[in-house]
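User: Please take a close look at one part of this model, the largest pocket, and explain what forms its lining. Add a note on the salt bridges afterwards.

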Amino acid sequence: MNFIEKYFSKYPEEKVLKWFKQVCVAEAISCLLLYGFALIWKRYDQEGLLPTIFIIIVGNIHGLFFTLYLLLCVPARKIYNWDDEDSVIALIAAFFPFATIWVEKKLARKDRE
């Protein structure tokens, strides 16, 4: 993980935190679009090509934000002084819909005890 920390160390902490918070929200929104809209649309229009294309596009975007979230958890751990438990919770939150919003609101604060 040193290469990730080394890469993000050239950016100011404020910028990395801004990216982390934006990616948390974007990952949740893309999850909503994928699960709440695209998969339901596909269920009702199984023969249609448009829902399939929409799922492919939104799925790729969601995968990008998912990966960015996991990568940005490494410098966020250092900036927020997360212990091992907080880091594991933040990483596991990526696998549950909308849990990244909780991470952004509760764990991603500097004034936590």
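Analyst: The largest pocket has a volume of about 160 Å³; note that the model it was computed from is a predicted one. Three elements each give two or more residues to the lining of this pocket: α1 (2–8), α2 (13–44) and α3 (49–80). Of these, α3 supplies the largest share, three residues. The full lining consists of Glu 5, Phe 8, Ser 9, Tyr 11, Pro 12, Glu 13, Val 16, Pro 75, Lys 78 and Ile 79. Sorted by type, the lining has six nonpolar residues, three charged ones and one polar one.

Now the salt bridges. The count for the model is two. One of them joins Arg 77 to Asp 84, and the closest N and O atoms of this pair are 2.6 Å apart. Arg 77 has a relative accessible area of 34%, so this residue is classed as partly exposed. Its partner Asp 84 is exposed, because its relative accessible area is 53% and the cut-off for exposed is over 50%.

The other salt bridge links Glu 104 with Lys 105, with 3.8 Å between the closest N and O atoms. That pair counts because the distance is within 4 Å. Here the two partners fall into opposite classes: Glu 104 is buried at 11% relative accessibility, whereas Lys 105 is exposed at 51%. The class of Glu 104 follows from the limit for buried, which is under 20%.

Notes. Residues are numbered from 1 along each chain as its sequence is written. This is a predicted model: local features need pLDDT of at least 70, side-chain atom pairs count only at pLDDT 80 or more; totals for chains, interfaces and linings use all residues. Side-chain values use heavy atoms; hydrogens and water are left out. A salt bridge is a side-chain nitrogen of Lys or Arg within 4 Å of a carboxyl oxygen of Asp or Glu. Buried means under 20% relative accessible area, exposed over 50%, partly exposed in between (1.4 Å probe, protein chains only). On a 1 Å grid over the protein atoms alone, a cavity is a set of points where a 1.4 Å probe fits but cannot get out, and a pocket is an open set with protein on both sides within 12 Å along at least five of seven lines; lining residues have an atom within 4 Å of a point. Grid points are joined across faces, edges and corners, and a volume is the space filled by probe spheres set on the points. Helices (H or I, at least four residues) and strands (E, at least two) are DSSP runs, numbered from the N terminus. Ala, Val, Leu, Ile, Met, Phe, Trp, Tyr, Cys and Pro count as nonpolar, Asp, Glu, Lys and Arg as charged, and the others, Gly among them, as polar.
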